[in-house]
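Grab a pencil and have a go at these exercises before reading the solutions. Each one sends you to a spot in the model below.

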Amino acid sequence: MVHHKRNLLSAALASAIALTATGVQAQNAETNENPQAVDLDTVTVTGIRRGIESAISVKRDATSIVEAISAEDIGKLPDVSIAESIARLPGLAAQRVAGRAQVISVRGLSPDFATTTLNGREMVSTGDNRSVEFDQYPSELISGVTVYKTPDAGLVGQGLSGTLDMQTVRPLSYNDRVVAVSGRYQKNSLGEAGGVDPYGNRFNVSYIDQFADRTIGLAIGYSHSDMAKQENQVGLYEPWEAVGDGWRPGVDAGTFYSNGIKALRRTGNAKRDGVMATLQFRPGNGWTSTLDGFYTKAKEHDTANQFEVGLGDYNGGYGRLDVTDVTVNDNGSFVSGTANNVYPLVRGMYNYREDEVKALGWNNEFNVGEVRLVADVSWSKTERDETNLENNLQLLPAPQLDSVILNYGGGGDFAQLNPGLDYSDYTRLYLANTIYGSGYGKTPHVDDELKGYKLVASFPAPEALGWFSDIDVGVNYAEREKNKSQPEGNITLGAQGVTTIAPELQYGQVDLRFAGVGYIPSWNVPEAVARYMVFNPTTAESYLIPKQWSVEEQITTSWIRANIDAEIGSVAVRGNVGVQAQSVDQSSASNYWDGSQPVGSQVIPIEKGKSYTDYLPSMNLAFELPAEQTVRFALARQVARPRVDELRASMEFGVDTSTGKPGASGGNAELDPWSANSIDLSYEKYFGTKAYVAAAVFYKDLRTYIYTEKRDGYDFTEQVENWLAANGQTLPDDVEVEMTGFYTAPVNGKGGSMRGAELTASLPLDMFTDALRGFGIVASASFNDSNITIPPDPGTTSSVGSDPIMLPGLSKRVYNFTAYYENNGFEVRLNQRKRSDFIGEIGNFAGNRTLRYVEGEDVLDAQVSYSFGDGSALSGLSLYLQGSNLTNSKYHTYAETKDRPLETIEWGKSWQVGLSYRF
């Protein structure tokens, strides 16, 4: 049994569940004695309550264990993306990127283990992997979200931890025409800097209508956002390592020490435009045809205006580092001191990113007698283009050595670095070949395309199968191709040589006093590169060859599902039992570099792949007990496809000519998926659609896991034969080259188990007393644990160490609490999201993913709104005041222990005022 600490919220939830469950019989007795009692299901509600009750209905009626958000709920908090709304659901947690919730963990597993669908169709992603970046999906264009925590055989594209299905509106589900517009104006508390003001705006409009005696329905939505990006950050170099004797003069051997530190103010802008359209045709009950499209385009740019100090005993050759007044804590970590003889830089790090997501789907439902047929065709594609540029400036004439006072003991606040010289005057800072060079740049490109074809038939079950009401059989075929290229190159000085940056390219000073630095200049980095520098990115360098790859998948999913609608005595039973077969053909094409080959033959193509079939049985049972109580039980075999970037065939290959042993590192196109057996049990007590309490437990036995390891015995026959053709004549006579060797790559290995418990309560407080009419709470507490530890990818050991680590994405405790008040159009809502420490995934400068220990977060959002009633001349108008991250919760990462900080990031508070009007 797993023992967890119980905080106030989890104790309160447990008490609420116990109190409501024990009060059931008394409530039912009173209702039976008084036939005039109010039927909770017939109460008409609006606003917050309407959204909550719609979501409760989805959860109650589902045969699987699900969580849901309805259209009325989305947008009621200042949700920059749909991820903000999803992260408030029980058992789910978000990781913030650039201040926005971007990726979602389900039940303590990383985003790799969940899949995302739009209207039931799996979606492409703008990243290197499968996990969707939710900030590409405007919350205003989504009508609902259902999170399936347990799968069934007919759920295509299911994930191992969960499946998140986003839905757009169906116009024939509306009774009347709806026209709605809204606009919001935003301000960030960090203020203006680097030529970027703190203001932003959001605007959206939607139109829903029905024509031709309600046989045709049309829905169109448009959403626009233009948001400022503002960030303060202090970052230390990784790794924190124990220095040797004399490595860093003044620092004792064995002290854990970081070789550099930077302070920056990031400024920029994020624009996003999204369009949704749905056309429905229903000439009669026998046929419904639905054509829907979704399109978003996002453009982001930002510049990190940063002051940076290398502390690794290299200052350009002007003597050695000298660290004085050193303080080391009891854990052996460097805390403070003065770094003398350092040569700081002022840097401009520019990033531009453009994403485009397109999706089309055509669904047809036919009713032929008692048989229901569904045919669905879908297509989605995304493209991502990036440009990363840097400028490096330093004081001249060289050397301009400085003494910088360091203090990392901020107790959760920013580490401090206080230089002795002034770096605020741009006329004294020069673009030059600094100790970090003059600059480096990248222009990555990713495209991802997915085509799907589905056919489903549902028909009544034979009477001999008394428990089963109907049977579904279906097949889905999907083709996916993902390509990545990453041109890179040095940014060198142009013909003019060393130069300052002209006044017309200057944005003004940025304030780094939060880190103790003072002021530094900021400037237009891409214009400076265009005017003063030469940048010709290429993919032809030897170290860049493996960074270009493509992955293809053909997946045929077939299933049979028997739906249960029966009774055991007086207990009604709903659910399903079935099996899904996934037949996968995966392949990858790339190249590797063999420098020993003749010029013109050094780039050698490589293709790898694998085919396999997985069989996934599943069962969901929902027992309907008296007094609106439901007990759910589920069993399933689940899989999650490997990360796309881990399926790449690319490698870096070589042969040790002294031993004849070949070796390489790279991807693995022959990976099997993650696989698990899962069991779920849930108790739910409902009060109509007005309220519910729930307690759930789950257990997953991960039969396999994917690790990056160095293993011997890999078959390099093809590569060795190519190598021998060019080098066989020059080998020493006593050296025989082997055909197998060491390969460092993702591999399938042993898994382990994870378990968890979830408590949830959604309660309007007038259930207890009329004095609290209009007040309510929605609260959840989730507890996760796992015995799985994984060896870290060699590329991440600099931040998480070399010892086995816990599962990425796993927070052992996740809490969500919403309190609201609603009365006569006036609404107030507070929401708090809290999660414990976890290992998060970020992208590093090399364009690869890396892992970091992330401190737990506590984010508070709020909203006040007023909607004018039907009797008012302003009927249909709503006014909003919203605030996000009201406690200015920072984002902290660290290296193994919290006294070794890596990043501290502040995104500030955001305020929004706005209005909406519904015709």
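**Exercise 1.** In this predicted model, find which residues of helix α6 (residues 717-727) are buried, and work out why they line one face of the helix.

*Solution.* Start by listing them: the buried residues of α6 are Q719, V720, W723 and N727. Now look down the axis of α6: these buried residues fall within an arc of 95 degrees, so they line one face of the helix. Last, check what that set packs against. You should come up with strands β30 (571-593), β31 (603-625), β33 (651-656), β34 (661-666) and β36 (691-715).

**Exercise 2.** Decide whether T290 is buried or exposed, then describe its surroundings.

*Solution.* First, place the residue: T290 sits in strand β14, which covers residues 287-310. Next, take its relative accessibility, which is 6%. The cut-off for buried is under 20%, so T290 counts as buried. Then look for polar partners: the T290 side chain makes a polar contact with the side chain of Q280, at 3.3 Å. Finally, go through the contacts, skipping neighbours within four places in sequence. That leaves R170, T278, L279, Q280, G361, W362 and N363.

**Exercise 3.** Work out the strand order of the open sheet that five strands form, and say which strands are at its edges.

*Solution.* Trace the pairing across the sheet and you get β1-β6-β7-β4-β5, with mixed pairing. The edges are β1 (66-70) and β5 (121-122), since each of them pairs on one side only. Zoom in on the β5 end: β4 (residues 114-118) pairs with β5 in the antiparallel sense over two bridges. One bridge to look up there is that of L118, whose partner in β5 is R121. Now move to the β1 end. Helix α3 (residues 47-61) lies across β1 and β6 (144-148), and α3 runs at about 150 degrees to β1.

**Exercise 4.** Follow strand β23 (residues 445-460) and find how many bridges join it to β18 and how many join it to β24.

*Solution.* Begin with β18 (residues 371-395): 14 bridges join it to β23, and the two strands run antiparallel. To fix the register, use S378, whose bridge partner in β23 is G452. Then turn to β24 (residues 468-485). Here the count is 16 bridges, and β23 and β24 also run antiparallel. For a register marker on this pair, take L450, which stands opposite R480 in β24.

Terms used:
Residues numbered from 1 in each chain as written. Predicted model: local features only at pLDDT ≥ 70, side-chain atom pairs only at ≥ 80, totals over all residues. Heavy atoms only, no water. Helix = DSSP H or I, 4+ residues; strand = E, 2+ residues; numbered from the N terminus. Buried < 20%, exposed > 50% of the residue type's maximum accessible area, 1.4 Å probe, protein only. Polar contact = N/O pair within 3.5 Å; in protein donor to acceptor, adjacent residues only side chain to side chain. Contact = heavy atoms within 4.5 Å. Pairing = 2+ DSSP bridges. Axes fitted to C-alpha atoms, helices over the stretch in contact; angles between N-to-C directions. Arc of directions from axis to C-beta.
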